[in-house]
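Here is a friendly walk through one protein model, written with a computational chemist in mind. Please keep the viewer open while you read.

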Amino acid sequence: MCNIEYSNESHSIQLKYFDAADIREKLAIMSNEVQIWLFDIRKYQKPDTDNLIRILSDEEKAKSRRYSRLVDYKRFTIGHALLRILISRYLQCAPDSILFFDNKYGKKYIIQSPLHFNISHSGDKIAIAFTLNMDVGIDIEYIDCFIDYLDIAKHYFLKNESNIIFSQTSEDKRVEYFYKTWTVKEAYVKSLGCGLKKPLKSFEVLEDGWIKEIIDNRRYPYYSKRLKGNYIFSVVVV
C-alpha cells in the first residue's frame, strides 16, 4: 500500500494493489482509496476466455469478434469481463446486468453509482482502477526500448518535460522517464473523461508527483510504478 496526496488539501489517499487471487464474492472500497487491479492474460486459457465472454453484452461480444489478432481478442474479452466481475462484487449485482454508458468522448460510467473506474491494457497486462465519488484515470504501457521516444517527446511533450528526459544519465533511464511521462499524460486526460481531445501540451508533468495545468496553474497528484516484465503504469485522481 502506498499513499499519495490528492488535490490541494492535506487529504491522504490509499493506493491498494490486487490481482485475480484477491477477487471475493463481496468487495469494499473506502472513500479515500484508489484500488488498482492488475491482471496477466497469459494466465487465462481458451476455456477461461470462452466462459468470460458469456457475461459480456451483445455489443461487447460483437466488438471482441472484430479483433483479428488473438492477443487483442483476449485483452478485450478478459479485460471487460473482469471489469464486469469486479463491479458486480462492489455493487452486489450480476455481472451481465451492468449497464455501461459512454460520455461524449467514450469514457464509460454507470448511472447513479458512486463507483468510478477506468481500464487500460498493454501487452499481456490489464490494469483497472476504482474509486468512490472521484474521477480516476489509469494507463499501463509495455516499455519498448526501440521506440523513437525522442521524436514523440518533441511532438507531444512540453520543452521542460523533454529536457528532463534528455537529462537522464542513461538510455534506459531516458526511456523509462519517457514512458512515465506518457502514462501520466494518458491517465490524466482519461481521468478528465476527455481523452486525447485535451492537448497533451496544455499541462505539465512535474518530477515531484504533480501535474500542472498551464492556463491556471491548478495541480493534481499522480502516482507511477514500474512493474516486473518491463511495464509501467500511472494513475491520476481529479
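The report below covers the pockets, then two helices, the nonpolar cores and a few single residues.

**Pockets**

Please bear in mind from the start that this is a predicted model. The largest pocket holds about 810 Å³ of space. Of its 31 lining residues, H80, D102, G106, K107 and K108 are the closest to the centre. Helix 2 (58-65), helix 3, strand 6 (115-122) and helix 6 (171-192) are the elements that give two or more residues to this lining. Strand 6 gives the most, with five residues. If you are thinking about chemical character, the lining of the largest pocket is made up of twelve charged, eleven nonpolar and eight polar residues.

The second largest pocket offers about 270 Å³. Its lining has 14 residues, and those nearest the centre are D19, L38, F39, D40 and K125. At least two lining residues come from each of strand 3 (33-40) and strand 7 (125-132), and strand 3 has the largest share, three residues. By class, the lining of the second largest pocket has nine nonpolar and five charged residues, with no polar ones.

**Two helices**

Helix 3 and helix 6 both came up in the lining of the largest pocket. The table sets out their lengths and spans.

| Helix | Residues | Span, first to last C-alpha | Expected span |
|---|---|---|---|
| Helix 3 | 22 residues | 31 Å | 32 Å |
| Helix 6 | 22 residues | 32 Å | 32 Å |

For helix 3, the span is close to the value expected at 1.5 Å a residue, and the span of helix 6 is likewise close to its expected value.

Why can helix 3 be called largely enclosed by the rest of the structure? The reason is that 19 of its 22 residues are buried. Helix 6 is mostly covered, with 16 of 22 residues buried.

Just after each helix there is a residue worth a look in a backbone plot. Helix 3 is followed by Q92, which has a positive phi near 55 degrees. After helix 6 comes G193, and its phi is positive too, near 80 degrees.

**Nonpolar cores**

The largest nonpolar core has 29 residues, and the members that touch the most others are W37, F39, L86, I87, Y90, I128 and F130. At least two residues of this core come from each of strand 3, helix 3, strand 6 and strand 7. Helix 3 has the largest share, nine residues. A second core, separate from this one, has 24 residues, including V175, W182, V184 and Y188.

F39 appears twice in this picture: it is listed among the residues nearest the centre of the second largest pocket, and among the members of the largest core that touch the most others.

Which residues does W37 contact, leaving aside its neighbours within four places in sequence? W37 is in contact with F18, D19, D22, I23, L27, L86, Y90, I126, A127, I128 and F130. Of these partners, D19 also lies near the centre of the second largest pocket, as one of the five residues listed there.

**Three residues to zoom in on**

V71 sits in helix 3, which runs over residues 70-91. Is V71 buried, partly exposed or exposed? V71 counts as partly exposed because its relative accessibility is 28%, and partly exposed covers values between 20% and 50%. Beyond residues up to four places away in sequence, V71 touches I41 and G123. Its C-alpha is 8.0 Å from that of D124, although the two are 53 residues apart in sequence.

K198 belongs to the loop between helix 6 and strand 9 (203-205). With a relative accessibility of 16%, K198 counts as buried, since the cut-off for buried is under 20%. Not counting residues up to four places away, K198 touches Y188, V189, L192, F203 and E213. Among these, Y188 is a member of the second core.

L158 is in another loop, the one between helix 4 (149-156) and helix 5 (159-166). L158 is buried, at 17% relative accessible area. Its contacts, apart from neighbours within four places in sequence, are K201, F203, E204 and I214. The C-alpha atoms of L158 and V205 are 8.9 Å apart, with their positions 47 residues apart along the chain.

Note on methods:
Residues numbered from 1 in each chain as written. Predicted model: local features only at pLDDT ≥ 70, side-chain atom pairs only at ≥ 80, totals over all residues. Heavy atoms only, no water. Helix = DSSP H or I, 4+ residues; strand = E, 2+ residues; numbered from the N terminus. Buried < 20%, exposed > 50% of the residue type's maximum accessible area, 1.4 Å probe, protein only. Contact = heavy atoms within 4.5 Å. 1 Å grid on protein atoms, 1.4 Å probe; cavity = no way out; pocket = protein on both sides within 12 Å on 5 of 7 lines; lining within 4 Å. Points joined across faces, edges and corners; volume = space filled by probe spheres on them. Nonpolar A, V, L, I, M, F, W, Y, C, P; charged D, E, K, R; others polar. Expected span 1.5 Å × (residues − 1). Core = buried A, V, L, I, M, F, W, Y, C linked by side-chain atoms within 4.5 Å.
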